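Me: I am new to reading protein models. Can we go through this one term by term?

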Amino acid sequence: MPEEKKNYDEIFDKYIISKPGDPYKDITPLLSDPKAFKAAVDAMVEKLGPLDPSIKKIVCPSQDTTFASALAYTLGLGVCVLNPYDGFVTSGEYFQPGEGVLVVGSALCGGSIYFSMYSLIEDMGAKVMGFAFLLEKLEHRGRNKLLDSVFTPIPMGIVTVVKFGVTIGNFVRFDCSAHGLGIREFRVLRVMKDEIGINWLDGPVPCEKVFPKTRIIEVSQDKVHWYKYRP
């Protein structure tokens, strides 16, 4: 019988801090607590699943080495630290031709730094097999921007563990039990500061209705994998 996957929500809710009025998420409490940090690394490993055997190195930006180093140690891979702004590789002078690499960072926001890294890695003859992050801020649409910009297939795509916010094109779940409708799923048409516009009738012609974000229970990018809504 397969082992049941752990639920890390309680740890992430406690140790990833959202400060009022600050758009950034503070992971300092998570990093400073040994059990919480280990749980975050374990969650990333679980989310990644079995890696393609062609992946020999994990690559990270020079200012964000924490999770890349921890993952590389756990997975038995090498680490390459890359400064995407000047092309300087600070650990390991070259990649092997055709070598598979996994690009890792703490958080995916706009994604521009990771596209720069992708371009440098591919120019040096290696192959970016995927991207992995602990956090993803959906409102910045970094996933869309990154995948729309790359010029080679990314077999693993983008793997993230904890998602924050909501963006256009996502699906949301509301609890409509008070109206006798149970849990309902809707596609997001518009995102405002404290509200979202959803396709209320879910038909071919959008019928927008506005709700407060506080009504959201879960969010999905594909209507298959659902995760807890975190503002």
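Me: Let's start with R141. Where does R141 lie?

Reply: R141 sits in the loop between β7 and α6 (142–149). Keep in mind that this is a predicted model.

Me: Why is R141 called partly exposed?

Reply: Its relative accessibility is 30%. Buried means under 20%, and exposed means over 50%. The value for R141 falls in between, so R141 counts as partly exposed.

Me: What is said about the phi of R141?

Reply: Phi of R141 is positive, about 55°, although R141 is not a glycine.

Me: Where does K223 lie, and what is its phi near?

Reply: K223 belongs to the loop between β13 and β14. Its phi is near 65°. That is a positive value in a residue other than glycine.

Me: How do you know whether K223 is buried, partly exposed or exposed?

Reply: Use the cut-offs again. The relative accessible area of K223 is 36%. Buried needs under 20% and exposed needs over 50%. Neither fits, so K223 is partly exposed.

Me: On to the strands. What makes β9 mostly covered?

Reply: Strand β9 covers residues 171–175. Four of its five residues are buried. For each of those four, the relative accessible area is under 20%.

Me: How do you know that β9 pairs with β10?

Reply: Pairing takes at least two bridges. Five bridges join β9 to β10 (residues 183–191). That meets the cut-off, so the two strands pair. They run antiparallel. Among the partners, F174 is matched with R184 and V172 with F186.

Me: What joins β9 to β13?

Reply: Four bridges join β9 to β13 (residues 216–220), again in the antiparallel sense. The cut-off of at least two is met, so this is a pair as well. Here the bridge partner of F174 is I216.

Me: Why are β10 and β11 called a pair?

Reply: Three bridges link β10 to β11 (residues 195–199). At least two are needed, so they count as a pair. The sense is antiparallel. V188 stands opposite I198 in β11. The two strands form a hairpin, with three residues between them.

Me: What do strands of a sheet pair through?

Reply: Strands of a sheet pair through backbone hydrogen bonds, either parallel or antiparallel.

Me: In what order do the strands of the open sheet come?

Reply: The open sheet has six strands, in the order β12-β11-β10-β9-β13-β14, with antiparallel pairing.

Me: What makes β12 and β14 edge strands?

Reply: Each pairs on one side only. β12 spans residues 208–212. From one strand to the next, the twist averages 45°.

Me: Now the core. What makes a set of residues a nonpolar core?

Reply: Its members are buried nonpolar residues joined through side-chain atoms within 4.5 Å. In this model the largest such core has 32 residues. Those with the most contacts inside it are F12, I16, L30, I58, F67, V104 and L134.

Me: Which element gives the most to this core?

Reply: α3 does, with seven residues. Among the other elements that supply at least two residues are α1, β3 (55–61), α4 (66–75) and β6 (100–108).

Me: What do nonpolar side chains tend to do in soluble globular proteins?

Reply: They tend to be buried together.

Me: Last, the pockets. What lines the largest pocket?

Reply: It has 24 lining residues, and K47, T160, V161, W226 and Y227 lie nearest its centre. Its volume is about 770 Å³. Six lining residues come from β8, the largest share.

Me: How many residues of each class are in that lining?

Reply: There are 10 nonpolar, four polar and 10 charged residues.

Me: What is the second largest pocket like?

Reply: Its volume is about 490 Å³. It is lined by 20 residues, with E139, K193, K213, Y229 and P231 nearest its centre. By class, seven are nonpolar, five polar and eight charged.

Note on methods. Residues numbered from 1 in each chain as written. Predicted model: local features only at pLDDT ≥ 70, side-chain atom pairs only at ≥ 80, totals over all residues. Heavy atoms only, no water. 1 Å grid on protein atoms, 1.4 Å probe; cavity = no way out; pocket = protein on both sides within 12 Å on 5 of 7 lines; lining within 4 Å. Points joined across faces, edges and corners; volume = space filled by probe spheres on them. Nonpolar A, V, L, I, M, F, W, Y, C, P; charged D, E, K, R; others polar. Buried < 20%, exposed > 50% of the residue type's maximum accessible area, 1.4 Å probe, protein only. Axes fitted to C-alpha atoms, helices over the stretch in contact; angles between N-to-C directions.
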